[in-house]
Amino acid sequence: MHGVSNYTQHCKPQNTFLHDSFQNVAAACELPKTVCKNRRNNCHQSSKPVNLTNCDLTAGKYPNCRYKDSAQYKFFIIACDPPQKRDPPYHLIPVHLDKVV
């Protein structure tokens, strides 16, 4: 989380790390669509659960952020959009982790 906090320049309240390859995560973008939390219709649920780490802010003020992490094995739902010019050559690219289930 130290790298994430340095990038955003604040203590991010929560972040989740999927322990899988980009290729496997992007494969979920090819599965049937589902509605995202923001009501857009560009989310997709993984076909199988993956190992992930969920980090929750417990204390601190940037740059001294402190987090509690928990390992989990769950399905994920991601939002996918068409690729931009510098993106890998996929039909759709994962752009946001919507939730874990």
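Me: Two strands count as paired if DSSP finds at least two bridges between them. The model shown here is a predicted one. What is the order of the strands in the open sheet of four strands?

Reply: A general point helps at the outset: the strands of a sheet pair through backbone hydrogen bonds, and they do so either parallel or antiparallel. In the open sheet of four strands, the pairing is antiparallel. Read across this sheet, the order is 2-3-6-7.

Me: Which are the edge strands of the sheet?

Reply: The order across the sheet is 2-3-6-7. An edge strand pairs on one side only, and this description fits strand 2 and strand 7. The edge strands are therefore the two at the ends of the order, strand 2 and strand 7.

Me: Which residue is the bridge partner of Ile77 in strand 7?

Reply: Strand 6 and strand 7 run antiparallel and are joined by six bridges. Strand 6 covers residues 76-81, and strand 7 covers residues 93-100. In strand 7, the bridge partner of Ile77 is Lys99.

Me: Asp98 is buried yet has no salt bridge; how far away is the nearest side chain of opposite charge?

Reply: Asp98 is placed in strand 7. Its contacts, not counting residues up to four places away in sequence, are Cys36, Lys37, Cys43, Ile77 and Ile78. A salt bridge requires a side-chain nitrogen of Lys or Arg within 4 Å of a carboxyl oxygen of Asp or Glu. The nearest side chain of opposite charge to Asp98 is that of Lys37, at a distance of 5.1 Å.

Me: Is the link of Cys36 and Cys43 left-handed or right-handed?

Reply: Cys36 and Cys43, both touched by Asp98, are joined by a disulfide with an S to S distance of 2.0 Å. Cys36 counts as buried because its relative accessibility is 6%, and Cys43 counts as buried because its value is 0%. The angle about the S-S bond is 115 degrees, and the link is right-handed.

Me: How many residues apart are Cys11 and Cys65?

Reply: A disulfide is a covalent bond between the sulfur atoms of two cysteines. One such bond joins Cys11 to Cys65, with 2.1 Å from S to S. Cys11 lies in the loop between helix 1 and strand 1, and Cys65 in the loop between strand 4 and strand 5. The pair thus links distant parts of the chain, and the separation is 54 residues.

Me: Is the disulfide of Cys29 and Cys80 left-handed or right-handed?

Reply: The S to S distance between Cys29 and Cys80 is 2.0 Å. Cys29 is buried, with a relative accessible area of 2%, and Cys80 is buried at 3%. Because the torsion about the S-S bond is about -80 degrees, this disulfide is left-handed.

Me: What is the pairing of the bonded cysteines, numbered in sequence order?

Reply: The structure holds three disulfides. They join Cys11 to Cys65, Cys29 to Cys80, and Cys36 to Cys43. With the bonded cysteines numbered in sequence order, the pairing is 1-5, 2-6, 3-4.

Me: Cys55 is in no disulfide; how far away is the nearest cysteine sulfur?

Reply: Cys55 counts as buried because its relative accessibility is 7%, where the limit is under 20%. A disulfide needs the two sulfur atoms to be within 2.5 Å. The nearest cysteine sulfur to Cys55 is that of Cys65, at a distance of 12 Å.

Note on methods
Residues are numbered from 1 along each chain as its sequence is written. This is a predicted model: local features need pLDDT of at least 70, side-chain atom pairs count only at pLDDT 80 or more; totals for chains, interfaces and linings use all residues. Side-chain values use heavy atoms; hydrogens and water are left out. Buried means under 20% relative accessible area, exposed over 50%, partly exposed in between (1.4 Å probe, protein chains only). Lys and Arg count as positive and Asp and Glu as negative; His and the chain ends are not counted. Contact means heavy atoms within 4.5 Å.
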